[in-house]
Amino acid sequence: MRAYDLIMKTRRGEPLTGAEIRFLVAGCVSGDIPDYQLSAWLMAVCFQSLTPEETLELTMAMRDSGDKMDLSGIRGVTADKHSTGGVGDKTTLILAPVVAACGGYVPKMSGRGLGHTGGTIDKLESIPGFSTAIPYGQFIDTVNRAGCAVVAQSGHLVPADKKLYALRDVTATVDSIPLICASIMSKKLAMGADCILLDVKTGSGAFMKTEQEAVKLGQAMVRTAKLAGKRCRAVVTDMDMPLGSAVGNAIEVAEAISVLQGERHTPLGQLSLTLAAHMLVMCGKGSLEECLAAAERAVDSGEALDRLARMIGCQGGDPSVTEHPERLPQAANSFTVRADRSGYLTRIASEEMGLAAMELGAGRRRAEDVLDPAAGLKLHCAVGDPVTPGTALATLYASGVTDFSAAAARVTAAMPIGEERPVLQPLLRQVIDTAE
Ligand code: URA
């Protein structure tokens with residue numbers, strides 16, 4: 001078999017066999033197929049796409065390219081969740097303890113933020129003492145005791161994705177539905193949970209800019225997961241504006257804690273509990289209505305907050321932050337951006353807000369950058385709110401920055417004020433639980 005012939009086949013739109021796809025993935029991991037041939041094949045996929053069968057074969061070959069997580073030591077049905085990436089997305093910090101409090105088990109491997117998008121691992125590492133690199137035995141033990149645990153992505157899981165993603169990143173081949181599907185689903189399948197909830201973001205701050213594209217990606221992933229024998233649902237949710245009012249790391253942990261302390265009637269709280277309910281339905285805990293009611297009770301009774309405290313304690317962190325969020329890192333400096341005219345807030349551009357948070361030290365330009373756990377921003381207004389000159393729009397926080405002018409200019413431009421109240425779109429756009 002020659003990589004050249006397989007590139008030509010895909011370029012002509014002829015489907016590859018399972019053996020041919022496995023040959024490409026094996027050659028990718030071993031280094032036998034050079035980067036220029038892999039890149040050419042990735043570009044051919046971008047133009048010709050892959051059939052559902054090829055997408056499944058690619059996903060399985062990638063899943064099998066490295067270690068797999070053994071979850072057999074967990075004493076119940078396991079549920080995992082994946083978000084395609086966003087700004088202010090702290091839903092994992094809320095839904096994992098809620099699902100745990102309702103009898104599900106959430107063994108979760110998460111990523112770090114890069115560019116304008118945040119990562120759950122960076123948020124959790126802002127909790128004093130919290131470790132996301134715990135040994136396997138401690139991970140399983142934490143899931144059994146707390147009902148949830150979150151660790152950083154291991155390099156040994158799906159090495160093919162590590163290689164292919166790095167190539168896609170520099171060859172303009174990231175936004176191909178079968179490639180995104182295989183990248184995400186290979187990691188989810190290697191993780192091995194029984195049920196998978198996929199949160200596909202749509203809008204200006206997301207990979208999938210239109211709802212139609214997001215639905216196609218959701219369908220491809222649900223189809224692949226079901227063919228692989230998993231229970232899976234996808235939800236399409238808005239990422240035109242940041243989720244919730246905090247963007248950063250410690251500041252987002254504090255917002256998640258406030259939801260678990262009872263502030264669940266916010267759009268963030270409602271979306272997080274709805275996602276938790278979908279996970280519980282897949283775990284066999286009842287209908288969507290019953291699971292939503294259980295999720296709400298888990299917050300109101302304090303049980304979900306207790307699960308978060310337990311998880312933090314088991315992973316070496318200070319559980320008292322769940323009662324005293326002021327013990328989370330606090331920024332030395334702050335600056336409040338105010339409205340300069342009257343009108344309605346017409347937009348909060350999520351990508352720009354993510355970039356502003358990154359400039360303040362909450363995110364990374366490059367993978368090796370060091371974060372300021374206290375940096376970030378807090379929104380004081382929502383889209384559609386009336387404002388007058390002087391109304392506080394957002395407060396920016398940083399320890400290492402004293403001149404806030406660049407970030408403030410970015411935030412001001414990202415929060416335009418207009419004369420007409422904009423029409424608000426729902427956060428949750430669609431639920432996909434069958435392939436087509
Ligand atoms: N997230 C991933 O893990 N892979 C992709 O290809 C896109 C988003």
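Here are some short exercises on this predicted model, each with a worked solution.

**Before you start**

Residues are numbered from 1 along each chain as its sequence is written. Because the model is predicted, local features need pLDDT of at least 70 and side-chain atom pairs count only at pLDDT 80 or more, while totals for chains, interfaces and linings use all residues; side-chain values use heavy atoms, with hydrogens and water left out.

**Exercise 1: the ligand**

Task: find where the ligand sits, and name the side chains of R168, S183 and K187 with their distances to it.

Step 1. Look for the largest pocket: the ligand sits there. (On a 1 Å grid over the protein atoms alone, a pocket is an open set of points where a 1.4 Å probe fits, with protein on both sides within 12 Å along at least five of seven lines; a molecule sits in a pocket if more than half of its atoms lie within 2 Å of its grid points.)

Step 2. List the residues around the ligand: Y165, R168, I180, S183, I184, K187 and F207. To be in this shell, a residue needs a heavy atom within 4 Å of the molecule.

Step 3. Sort the shell by element. Helices α8 and α9 each give two or more residues, and α9 has the largest share, with 4 residues. (Helices are DSSP runs of H or I with at least four residues, strands are runs of E with at least two, and both are numbered from the N terminus.)

Step 4. Turn to the polar atoms. An N or O atom in the R168 side chain is 2.9 Å from a ligand oxygen. For S183, a side-chain N or O atom is 2.6 Å from a ligand nitrogen. A polar side-chain atom of K187 lies 2.5 Å from a ligand oxygen.

Step 5. Finish with the covered area. Alone, the ligand exposes 240 Å², and the protein buries 90% of that. (Areas come from the Shrake-Rupley method with a 1.4 Å probe.)

**Exercise 2: positive phi**

Task: for S49 and A172, give phi, then say whether each is buried, partly exposed or exposed.

Step 1. Recall the usual case: most residues other than glycine have a negative phi.

Step 2. Read the angles. Phi of S49 is near 65 degrees, and phi of A172 is about 55 degrees.

Step 3. Place the residues. S49 is in the loop between α3 (35-48) and α4 (52-63), and A172 is in the loop between α8 (159-170) and α9 (177-191).

Step 4. Check accessibility. S49 is partly exposed because its relative accessible area is 36%, whereas A172, at 64%, counts as exposed. (Buried means under 20% relative accessible area, exposed over 50%, partly exposed in between, with a 1.4 Å probe and protein chains only.)

**Exercise 3: a lysine in a strand**

Task: is K108 buried or exposed, and which residues does K108 contact?

Step 1. Find K108 in strand β2 (residues 106-110).

Step 2. Its relative accessibility is 5%, so K108 counts as buried.

Step 3. Leaving aside neighbours within four places in sequence, K108 contacts D80, K81, T92, F139, A149, V150, V151, K188 and M191. (Contact means heavy atoms within 4.5 Å.)

Step 4. Add the polar contact of 3.4 Å between the side chains of K108 and S110. (A polar contact is a pair of N or O atoms within 3.5 Å; within protein, one must be able to donate a hydrogen and the other to accept it, and residues adjacent in sequence count only if both atoms are side-chain atoms.)

Conventions:
1 Å grid on protein atoms, 1.4 Å probe; cavity = no way out; pocket = protein on both sides within 12 Å on 5 of 7 lines; lining within 4 Å.
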